[in-house]
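Visitor: I should like to take a close look at one part of this model, namely its salt bridges. Please place them in their setting as you proceed.

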Amino acid sequence: MNKYTFKQIRDMFFEWHPQFAHERKYSKPQNDYSTDCRCAFVDFVDSIHRDGMITDKQRFWITLG
């Protein structure tokens, strides 16, 4: 299993979901992102977890903020 850093996971999300790139700010708190962006991020994290790309611990602790 590859172990990515939280930053790498966030980078991957915004690379795979360019429709949310305009929302990206490195110091932005999690709840300042749009609901659509947050929902897409949760789906993305679940997907890469199912594919074995991240650990259980990463899945539970990763946030957009």
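How many helices and how many strands does the chain have, and where do the salt bridges lie within that arrangement?

Guide: This is a predicted model. The chain has three helices and zero strands, in the order α-α-α along the sequence. Its radius of gyration is 11 Å, which agrees with the value near 11 Å for a compact globule of 65 residues. Of these 65 residues, 35% count as buried. The chain carries 10 positive and 9 negative side chains, and the centres of the two sets are 6 Å apart.

Three salt bridges are present in the structure. Within helix α1 (residues 6-16), Lys 7 and Asp 11 are four residues apart, about one turn of the helix, and their side chains meet at 2.9 Å, N to O. Asp 11 also forms a salt bridge with Arg 24, where the closest N and O atoms are 2.4 Å apart. This second pair links distant parts of the chain, since Arg 24 lies in the loop between α1 and α2 (35-50), 13 residues from Asp 11 in helix α1. Lys 7, Asp 11 and Arg 24 are thus linked in a network of salt bridges. Each member is partly exposed: Lys 7 has a relative accessible area of 47%, Asp 11 of 25% and Arg 24 of 22%.

A further salt bridge joins the side chains of Asp 46 and Arg 59 at 3.1 Å, N to O. Asp 46 belongs to helix α2 and Arg 59 to helix α3 (residues 56-61), so the pair ties together parts 13 residues apart in sequence. Asp 46 is partly exposed at 24% relative accessible area, and Arg 59 is likewise partly exposed at 30%.

Note on methods
Residues are numbered from 1 along each chain as its sequence is written. This is a predicted model: local features need pLDDT of at least 70, side-chain atom pairs count only at pLDDT 80 or more; totals for chains, interfaces and linings use all residues. Side-chain values use heavy atoms; hydrogens and water are left out. Helices (H or I, at least four residues) and strands (E, at least two) are DSSP runs, numbered from the N terminus. The radius of gyration is taken over C-alpha atoms; the globule rule is 2.2 Å times the number of residues to the power 0.38. Buried means under 20% relative accessible area, exposed over 50%, partly exposed in between (1.4 Å probe, protein chains only). Lys and Arg count as positive and Asp and Glu as negative; His and the chain ends are not counted. The place of a charge is taken as NZ of Lys, CZ of Arg, CG of Asp or CD of Glu. A salt bridge is a side-chain nitrogen of Lys or Arg within 4 Å of a carboxyl oxygen of Asp or Glu.
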